[in-house]
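Ready for a few warm-up exercises? Have a look at the model below, then try each task before you read its solution.

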2 protein chains.
Amino acid sequence: MGSRRTFIRNSACAATAISLSPSGMLAFTPSAPAGTLRVGLIGAGLRGTNHLNNLLQREDVQVTAICDTDPGRIDLALKLVREAGKGKPATFGEHEHSYRDLLGLESVDAVIIATPWLWHTPMAVDAMKAGKYTGLEVSAATTLEECWDLVNTHEETGTHLMLLENVNYRRDILAVLNMVRQEVFGELVHFRCGYQHDLREVKFNNGQQPYGGGVEFGEKAISEARWRTLHSLKRNADVYPTHGLGPVAAMADINRGNRLVSLTSSASKGIGLHNHIVAQGGPDHPNASLKFKQGDVITTTLTTARGETIIVTHDCNLPRPYSLGFRVQGANGLWEVDGDRIYIEGKSEPHRWDAAGPWLEQYDHPLWKKYGEYATGSGHGGMDFFVLHAFVQSALLGEAPPIDAYDAAAWSSVTPLSEQSIAGQGEPQDIPDFTRGKWIRREAYDWIKDTY
Amino acid sequence: MGSRRTFIRNSACAATAISLSPSGMLAFTPSAPAGTLRVGLIGAGLRGTNHLNNLLQREDVQVTAICDTDPGRIDLALKLVREAGKGKPATFGEHEHSYRDLLGLESVDAVIIATPWLWHTPMAVDAMKAGKYTGLEVSAATTLEECWDLVNTHEETGTHLMLLENVNYRRDILAVLNMVRQEVFGELVHFRCGYQHDLREVKFNNGQQPYGGGVEFGEKAISEARWRTLHSLKRNADVYPTHGLGPVAAMADINRGNRLVSLTSSASKGIGLHNHIVAQGGPDHPNASLKFKQGDVITTTLTTARGETIIVTHDCNLPRPYSLGFRVQGANGLWEVDGDRIYIEGKSEPHRWDAAGPWLEQYDHPLWKKYGEYATGSGHGGMDFFVLHAFVQSALLGEAPPIDAYDAAAWSSVTPLSEQSIAGQGEPQDIPDFTRGKWIRREAYDWIKDTY
């Protein structure tokens, strides 16, 4: 496995040229010999095929293997590869552990794991042990032990793990990160973020369509409702913290000169999912008698070593428009995504908000300036292109990724620790230092760089 | 004292007619005999004279006494009374306890206390003991013992206390309360609120003007900076919770079928006041060496007996535009003041916000419809008229006020309890049941009623 990583690094170091195909797709043309990253996809559900579509648009990637236990998804994935004229990947999926056969392939340099949450850490651990540069979908880990598994396996194997947190690459987020780095906000003080997304039609469907049309979950449902909803039924926790916390952690240099220290968490009553079942399926539907443990709005307050506070919200069971609720506040001013506004002392009119737009344009991130038009259509407003771009670049160079095993562990630890805090009526919880002290000298990731 | 209260009640019960003076001022004309409330004003600073101006516009009020230890403020207050052609109140202020002489007057039925915070509870306790219907400015109490003092004195004397929380009467707040009562949001789940107001120029001045122009506080400053800033220097606590919590407590029926149960609180680093001193006064100014204990952003999460959560923010030391950050969220949808938006399932387009304006107009509160034009100019967007209106009405009727001693105690307890929680790294704190169990049968206040 070591030789594979060395090969990737050597070949990728020669990669300096970039060209764009006439179709507008990003086409990466490495110098000879080939600097192609050979990717195995583990999980070909909605998220996995979204990644697959983006992988197929890259000249610097070859999809060499695909694993899914659902033959229908394998067929669909192969069709996508065929239509892209990108060869025929090996396929796996006979049983739940067939992904290990994929990991045994010499023809796979890196894997992307997009499977139900309970499989994330076991698969990522196996992938790192197999020496495959590992891209892992959110959320990474569901218990504190799993958080440590990711870190320990990374350290034992020397194999890198990247958490594929796409929101870190949202255009406004990278612009605000740019503003943070240029100290527009001054010394940072306070952050807010969260996952506020009405997922009721994601958590329940009719077994025919992925979103809604019924109030089934588990074995009677398909897609996410088949596995995701159980986390709401059984756990009173912020089970999905990273879309909010990830971008904030990058701005706050978490694990790189700063770290998460402690948290408290509180949950409101949980009525949204029950109400939805009754409204859509009637009061006599078997699921109407279930007691969902998850509170509808879960609020977690984190403290950092540098003295900032971060409020993370989980709000997915009630009717509401989508918002990740970002706020970035420092000594000189703040950005709030709700209201789309920025205030910077000495620049803004005193006590009056500026519209955020012109500020975000002014500080538009170099990556978005360079690739923005090619990101269009990649999914989730373009950010899926960038998270994959970072993954592929890091893997080809054999470098540590922007969002690594320590980040995956620290961010994901909010799930079990919020659960413990809620169970303890808000009892504060220490957040482990997953870097084992190295955060004091680990340098901030250079989000501005673009190695191509 | 009992006879005085009886008199007020009897005379006020006859008060049924209302007329408006040609000048547009609200003129209350009671049936004979006179139903005039004779008010003593304790504290004639900026806030006190604001109340005075509004009192002087009411035909149902006579200001019979004024107390302030600053002779200049007494002179100004007398000038205002004289210009209104409203007689000559008795004045007091020779020493700090001269207010007790005011409380001894037979010619005072009710008092309004608008003094520095540390005087609030002692004065309110004395006023209730003197049988004066007591209006108390926010914040009411600074320690848990003081919260109990307010409740115990009210219960021992039978005298009513109204906390003069004006934000409870803001037009949008009362419209949203109206929506809550009409169950537009459905079962309530979650609230956000807070005091987010850049007070740096309130906390520091040059001793000549009330706002800014220098970085002095305490004895070298005037107005609020003379006493308020010490609370930021010495206490890491949400010292001003009620502008946010008050309106939410009314919507959530706190102390009336519901109660505040527990809280956790976290404070960010505190750099804003120091930065301000250095920026405005230079690094060598003596105040630049002070360590302000108060964190710049303090986040308190409260839980209620009915299972809601309430997030209260205190954010007063950094550059930022004003916002009380309200959010009211229930089973059917939510209102957010930031972004000025409402979403109601089945009414709003799915997953899209409505502008709040039309909703707030549709549910405009009867009080605002009736008196809105007369509230103009009363201060703070008109809400000062309404809080005073409720106080005068309640006092004339001898009735319990909308915001009573239990509310004053419960809301104010956030200050000492947030301080304890912060000192304990977020340790949860039980909130005392100041009603001693009576919250289970106390009825919701009818904010819709208007007794005139």
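Start with the outside of chain A: its accessible surface comes to about 16100 Å², and 50% of that belongs to carbon and sulfur atoms. Keep in mind that this is a predicted model.

**Exercise 1. The build of chain A**

Task: Work out how many helices and strands chain A has, and decide how its radius of gyration fits a chain of 452 residues.

Solution:
- Step 1. Count the elements: chain A has 16 helices and 17 strands.
- Step 2. Take the radius of gyration of chain A, which is 22 Å, and set it beside the globule rule, which gives 22 Å for 452 residues. The two values are close, so chain A is as compact as a globular protein of that length.
- Step 3. Picture the box: along the principal axes, the C-alpha atoms of chain A fill roughly 60 × 55 × 45 Å.
- Step 4. Look at burial: 63% of the 452 residues of chain A count as buried.
- Step 5. Check the contacts in chain A between residues at least 6 apart in sequence: 72% of them join residues at least 24 apart.

**Exercise 2. Hunting for cavities**

Task: Find how many cavities of 30 Å³ or more there are, and describe what lines the largest cavity.

Solution:
- Step 1. Recall the idea: rolling a probe the size of a water molecule over the atoms shows where empty space is left.
- Step 2. Count: there are 13 cavities of 30 Å³ or more.
- Step 3. Turn to the largest cavity, which holds about 320 Å³ of space. It is lined by 21 residues, and the closest to its centre are A:R192, A:D338, B:R192, B:G325 and B:D338.
- Step 4. Ask which elements give two or more residues to this lining: they are β9 (188-196) of chain A, plus β9 (188-196) and β12 (309-315) of chain B. The most comes from β9(B), with four residues.
- Step 5. Sort the lining residues of the largest cavity by kind: six are nonpolar, seven polar and eight charged.

**Exercise 3. Unusual backbone spots**

Task: Locate the cis peptide bond between V138 and S139 in chain A and in chain B, then place two residues that have a positive phi without being glycine, A:H351 and B:S223.

Solution:
- Step 1. In chain A, the cis bond joins A:V138 and A:S139, with omega about -15°. A:S139 sits in the loop between β7 (133-136) and α6 (144-157) of chain A.
- Step 2. In chain B, a cis bond joins B:V138 and B:S139, with omega about -15°. Here B:S139 is in the loop between β7 (133-136) and α6 (144-157) of chain B.
- Step 3. A:H351 has a phi near 65°. You'll find A:H351 in the loop between β15 (341-344) and β16 (354-355) of chain A. Its relative accessibility is 45%, so A:H351 counts as partly exposed.
- Step 4. B:S223 has a phi of about 55°. This residue belongs to the loop between α8 (200-203) and α9 (229-234) of chain B. With a relative accessible area of 27%, B:S223 is partly exposed too.

**Exercise 4. Buried or exposed?**

Task: Decide whether A:K132, B:I298 and B:A279 are buried or exposed, using under 20% relative accessible area for buried and over 50% for exposed.

Solution:
- Step 1. A:K132 is in the loop between α5 (120-129) and β7 of chain A. Its relative accessible area is 1%, so A:K132 is buried. Although A:K132 and A:D109 are 23 residues apart in sequence, their C-alpha atoms are 5.4 Å apart in space.
- Step 2. B:I298 is part of strand β11 (residues 297-304) of chain B. At 0% relative accessible area, B:I298 is buried. Leaving out residues up to four places away in sequence, B:I298 touches several others, including B:N236, B:S265, B:V312 and B:I422. Its C-alpha atom is 34 Å from that of B:Y133, which is 165 residues away along the chain.
- Step 3. B:A279 belongs to helix α11 (residues 272-281) of chain B. Its relative accessibility is 60%, so B:A279 counts as exposed. B:A279 and B:V215 are 64 residues apart in sequence, with 9.5 Å between their C-alpha atoms.

Note on methods. Residues numbered from 1 in each chain as written. Chains lettered and ligands numbered in written order. Predicted model: local features only at pLDDT ≥ 70, side-chain atom pairs only at ≥ 80, totals over all residues. Heavy atoms only, no water. 1 Å grid on protein atoms, 1.4 Å probe; cavity = no way out; pocket = protein on both sides within 12 Å on 5 of 7 lines; lining within 4 Å. Points joined across faces, edges and corners; volume = space filled by probe spheres on them. Nonpolar A, V, L, I, M, F, W, Y, C, P; charged D, E, K, R; others polar. Rg over C-alpha atoms; globule rule 2.2 N^0.38 Å. Buried < 20%, exposed > 50% of the residue type's maximum accessible area, 1.4 Å probe, protein only. Contact = heavy atoms within 4.5 Å. Areas by Shrake-Rupley, 256 points an atom, 1.4 Å probe, with all protein chains shown as cover.
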